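This report walks through selected features of one protein chain. Please look over the sequence and the model before reading on.

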Amino acid sequence: MPHRFQDIGPYDFEKFMAVLFRADGYEVQETEYSGDFGADLILTKDGIVTAVQVKRYASTSLVTVGDVNQVIGATSYYKTHNALVVTTSDFTAPAITIAKSAEVFLWNWQRLEQYISTVFLNGQDYHLFYGHHTSDVIENAASASIDLFELNLLEINLEGQTSDGQESIEVRIALNNTSDRNLTVHLDFPIVISKRTHRQVTAIQWKENCFFHGVLVSEATVELACHFLKEQVDLIKPGDRMILHVHVAGMQAPVVIDEKLQNPKRNCYIVTYCYGRDTNEYRDMIRFRDQTLTKSLLGRMFVNLYYRYSPWLVQVAQKSFILSKCLRYIIQGMLSLIMSLLRRA
């Protein structure tokens, strides 16, 4: 909420809105992500059907007449009684005018924020709510960045591309929870300060399916990947500073990690070794780790062992062609079995 949902993708935001409306007693039908005929959600409550268009826009990007026309068309296609446009920004004056004439309901950020607070936070402002509902408080927060986290550069790709096709520099980093406890974290976009020009630039987008919030298991490492617009920064390289604000449940202030980027760390884990990072299998296993393994004590123990011994196994396998083939064969078989069980579940 502090970032108006700009730190998650549009698809995830639509999923959140579906959860929000269901929590308020609506029956929710989610349309196809592409080819939705102008509606992202179809709501039903008390016999009233509403077509909803969801726009996860930055505060500087306003919803236009074209966006409102989409949901007007959806009312005919889906045969709904009402139409609603929900945005994390606001509306242009012409969009408000046409919405009034077509009787389309409009929710800007302030209206949406109020609705979320009513449904999920007992009507409180989220700052107050989370200020009063913290647990597992971590003391000595002043030295928390030293005690809790370690940050390492993995890769800099100068030929990256954002989800909407803009040229970017993609940076991959590893965040390690060095503490003896599992931490629920939320990450702000990383900031890079150039050693050469002293210019400060903030990332604009997390890479799709990348970890940026959730449970980070004790002594485990997660890979982060984000995009910096090329029009804002022409080069990122070792020697530049990276600043990362990590919000930890139970702490009043975020942990601030301020590190000089070293030459990329080359640790390779088994799943990465077998499949590579930009694969469906890799993404499936990340979801399996975050949504299944971290939910149980046994699962968290497995994650700890995986991150401790996985790089060593890869190094051993790389020294022998036969060992490498055997490792790939065994791991791929195990992962296929896990994915099959998850799909059945």
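Which residues lie nearest the centre of the second largest pocket?

## The second largest pocket

The model is a predicted one. In it, Val271, Met285, Phe302, Tyr306 and Leu335 lie nearest the centre of the second largest pocket. The lining counts 26 residues. Several elements give two or more residues to this lining: strand 13 (221-229), helix 7 (270-275), helix 8 (280-291), helix 9 and helix 10 (321-344). Helix 9 supplies the largest share, eight residues. The space in the second largest pocket comes to about 520 Å³.

## A nonpolar surface patch

Helix 9 also takes part in a feature of the surface. Trp312, Leu313, Val316 and Leu323 form a nonpolar patch there. Together they have about 360 Å² of accessible area. Three residues of the patch, its largest share, come from helix 9 (residues 297-318).

Leucine 313 belongs to helix 9. Its relative accessibility is 34%, so leucine 313 counts as partly exposed.

## Cavities

How many cavities of 30 Å³ or more does the structure hold? There are two. The second largest cavity has a volume of about 30 Å³. Its lining is made up of Val192, Ile193, Ser194, Arg199, Val201, Val233, Leu235 and Asp240.

## Salt bridges around strands 1 and 2

The count of salt bridges is nine. One of them joins the side chains of lysine 15 and glutamate 30, with an N to O distance of 3.0 Å. This pair links distant parts of the chain. Lysine 15 sits in helix 1 (residues 10-23) and glutamate 30 in strand 1, 15 residues apart. Lysine 15 has 33% relative accessibility and therefore counts as partly exposed. Glutamate 30 is also partly exposed, at 32%.

Aspartate 24 and lysine 45 form another salt bridge, and their closest N and O atoms are 4.0 Å apart. Why does this pair tie together separate parts of the chain? Aspartate 24 lies in the loop between helix 1 and strand 1, while lysine 45 lies in strand 2, so the bridge spans parts that are 21 residues apart in sequence. Aspartate 24 is partly exposed, at 28% relative accessibility. Lysine 45 is partly exposed too, with a relative accessible area of 27%.

## A salt-bridge network

Arginine 172 pairs with glutamate 155 in a salt bridge, the closest N and O atoms being 3.6 Å apart. Arginine 172 is in strand 7 (residues 167-177). Glutamate 155 is in strand 6 (residues 149-161). The two are 17 residues apart, and the pair links distant parts of the chain.

Is arginine 172 buried or exposed? Arginine 172 has a relative accessible area of 7%, under the 20% cut-off, and so it is buried. Glutamate 155, by contrast, is partly exposed at 33% relative accessibility. The pair belongs to a wider set: salt bridges with shared partners join Glu155, Glu170, Arg172 and Lys207 into one network.

## Threonine 31 in its loop

Threonine 31 is placed in the loop between strand 1 (27-30) and strand 2 (41-45). It is buried, at 13% relative accessibility.

What does the side chain of threonine 31 reach at 2.6 Å? The partner is the backbone oxygen of alanine 39. The side chain of threonine 31 also reaches the backbone oxygen of aspartate 40, at 3.2 Å.

## Positive phi outside glycine

Lysine 79 is not a glycine, yet its phi is positive, near 55°. Lysine 79 lies in the loop between helix 2 (65-78) and strand 4 (82-87). Its relative accessibility is 68%, so lysine 79 counts as exposed.

Glutamate 103 has a positive phi as well, of about 55°, although it is not a glycine. Where is glutamate 103 found? It is in the loop between helix 3 (93-102) and strand 5 (105-107). Glutamate 103 is exposed, with a relative accessible area of 66%.

Key. Residues are numbered from 1 along each chain as its sequence is written. This is a predicted model: local features need pLDDT of at least 70, side-chain atom pairs count only at pLDDT 80 or more; totals for chains, interfaces and linings use all residues. Side-chain values use heavy atoms; hydrogens and water are left out. Patches are made of residues with over 30% relative accessible area and no salt bridge: like charges are joined within 9 Å, nonpolar side chains (Val, Leu, Ile, Met, Phe, Trp, Tyr) within 5 Å. Accessible areas come from the Shrake-Rupley method with a 1.4 Å probe; for residues, only the protein chains shown count as cover. Helices (H or I, at least four residues) and strands (E, at least two) are DSSP runs, numbered from the N terminus. Buried means under 20% relative accessible area, exposed over 50%, partly exposed in between (1.4 Å probe, protein chains only). A polar contact is a pair of N or O atoms within 3.5 Å; within protein, one must be able to donate a hydrogen and the other to accept it, and residues adjacent in sequence count only if both atoms are side-chain atoms. On a 1 Å grid over the protein atoms alone, a cavity is a set of points where a 1.4 Å probe fits but cannot get out, and a pocket is an open set with protein on both sides within 12 Å along at least five of seven lines; lining residues have an atom within 4 Å of a point. Grid points are joined across faces, edges and corners, and a volume is the space filled by probe spheres set on the points.
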